Amino acid sequence: MPRLSRRSFLAGTAAIPFALWFDKYAAAQTPTMTRCEVLTADGQAMLQKYAQAVATMMSTSEGDPRSWIFQWYTHGVNPASTKDAEIARIYAGNPGANGALAGEMWNTCQAHDPSQDENFFLPWHRMFVYFFERIIRSVLGDQQFALPYWNYSTPVTAAHGILPAQFRQQGDATFGSLFRPNRNPGTNQGDAIDQDSPGALDLDALMGETTYDQQSDAVQGFCMDLDFNLHGSVHVMVGDSNGMGSIPSAANDPIFWLHHCNVDRLWASWNRNGGKNLSGSWLTQQFIFADENGNRVAATVQDFLDLGRLGYTYDSFAPAPPGFAPPPIFGAAPPPPAVATRVSNAVPLAAGPVQVPLEPTTPFGAAPTEAMPPNKRLYLVLKNLKAQAAPGVVYRIYLNLPPNASLADARDHQVGTLNFFAALGHAGHGGSPSAGAKARFFSTEITQVARRLRERGQLSGKPIVTIAPAGQPAASAQPVVGQISLVAR
């Protein structure tokens, strides 16, 4: 197995604008590469190469930007320490150019801090995966390598939500580097991560978002929907608070990269289906990364919107749901939604189900769905999510769940899956604050469920929301939902 030579990696000090860097180092190097689903033949071949690269990176000096630690810490530093302490430990008081890069790059994941603009979640992670993939090519000496993706939402029952077997082989000579013990019970045994949370990996609602940006206090838009729902739920369902379930430790798990490769594929799919990204000043936001040769690269959002120019594509894309039709004009928020019912008091969650009755308000009176016009949609909105530590589980959300409901009845009342991954953030975050950052929240459309329950006589004038953990949450987590609303727009 090759080891990396210190002499072969000389970090530069001046940031190179991405466009200049790309023309010099990337444009003519290889033809367009295809990232493949991990269970395909090509995906399996790339996975074996990936395991080899991970092992090499894990044995590389921690201060080298091509090391596993450096790449992990770019997303978030080990929660058992701090960024400053780790820089002092690794560089022993002599940081040099690589230490300066660490100071600039570590803890810069977007957008896991309330001061950050949520809209940078997708482009920052695309940049992160892009440069990581190039580093793997350098580590392997293989310019044909393309990172595979984990399609946990596949309709194939035998693979749906199941961590690929190669990530579960502790001590294996080939794939042992992909194993991590800090995963939830059952994950490393091949259980589906969503077995206790049916519907958590579904794509229809996500792929049906018609705008990239948040459009109101109810409609998250594609970026926030993907971040707060599917993306965060996969993190929490895979790993515990020392692994994928916590922002600072998430990128230490090799499955992180296949997860975010799939997140990137879903964004590319949404664009391919007609979804439009933002314009304006968002495009010029800059982030710093190191390439495989030690160059300090200044990348902007507009540099990372065209996969064809970046030199990669995917072997398949997620389809749009029936009737998907994004509006031709983006950016202007519609009028504020009408609030049907609301609870403003903070709701602490417990180790068991918590029931929250909602109080009716105007304009829909005692039974909000009865008078709701057919062109309106109903959303359940949860705001101000907080936790003292990672709960380690997702929470299932039900509308008017009957007492002692059977599993079939419970699924009929389920309207969403809540996770606290993005509610925690991490200390010492090095991201760029955004003065215009909007409040972030969880939202799920419940129109059809509410109407179906009303038709059955199972939706009263005071809807009841039940929030139940899918498993045993950590006692130290103490999760709280600050506000719950039922919103029509």
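So, helix α4: its buried residues pack against α3, residues 68-75, and against α5. This is a predicted model, by the way, so keep that in mind for everything I show. α4 itself runs over residues 83-91, and the buried ones are Lys83, Glu86, Ile87, Ile90 and Tyr91. Why do I say they line one face of the helix? Look down the axis of α4: the buried residues fall within an arc of 105°, so they line one face. And right after α4 comes Ala92, with a positive phi near 50°.

Okay, now go back towards the start of the chain, to α1, residues 18-25. Here Phe18, Trp21, Phe22 and Tyr25 are buried. Down the axis of α1, those buried residues stay within an arc of 100°, so again we get one face of the helix lined by them. What about the other side? There you'll find Leu20, Asp23 and Lys24, and these are exposed. As for partners, the buried residues of α1 pack against β1 (16-17), α6, β4 (296-300) and α11 (307-310).

Next, some backbone oddities. Just as background, most residues other than glycine have a negative phi, and most peptide bonds are trans.

Which peptide bond is cis here? That's the one from Gln110 to Ala111, with omega near -5°. Ala111 sits in the loop between α5 (96-105) and α6 (121-140).

Then there are two asparagines with positive phi. Asn384 has a phi of about 55°, and that residue is part of strand β10, residues 378-386. Asn404 also has a positive phi, near 55°, but Asn404 belongs to a loop, the one between β11 (395-399) and α12 (407-413).

So how accessible are they? Asn384 has a relative accessible area of 46%, so we call it partly exposed. Asn404 comes out at 81%, and since anything over 50% counts as exposed, that's the label for Asn404.

Last bit: cysteines. How many disulfides does the structure hold? Zero. While we're on cysteines, here are two to click on. Cys109 has 0% relative accessibility, so it counts as buried. Cys223 is at 0% as well, so Cys223 is also buried.

If you want to follow along on screen, I'd go in this order. Begin with α4 and its buried Ile87 and Ile90, then turn to α1 with its buried Trp21. After that, pull up the cis bond at Gln110 to Ala111, and finish on Asn404 in its loop. That's it from me.

Conventions
Residues numbered from 1 in each chain as written. Predicted model: local features only at pLDDT ≥ 70, side-chain atom pairs only at ≥ 80, totals over all residues. Heavy atoms only, no water. Helix = DSSP H or I, 4+ residues; strand = E, 2+ residues; numbered from the N terminus. Buried < 20%, exposed > 50% of the residue type's maximum accessible area, 1.4 Å probe, protein only. Disulfide = S-S within 2.5 Å. Arc of directions from axis to C-beta. Contact = heavy atoms within 4.5 Å.
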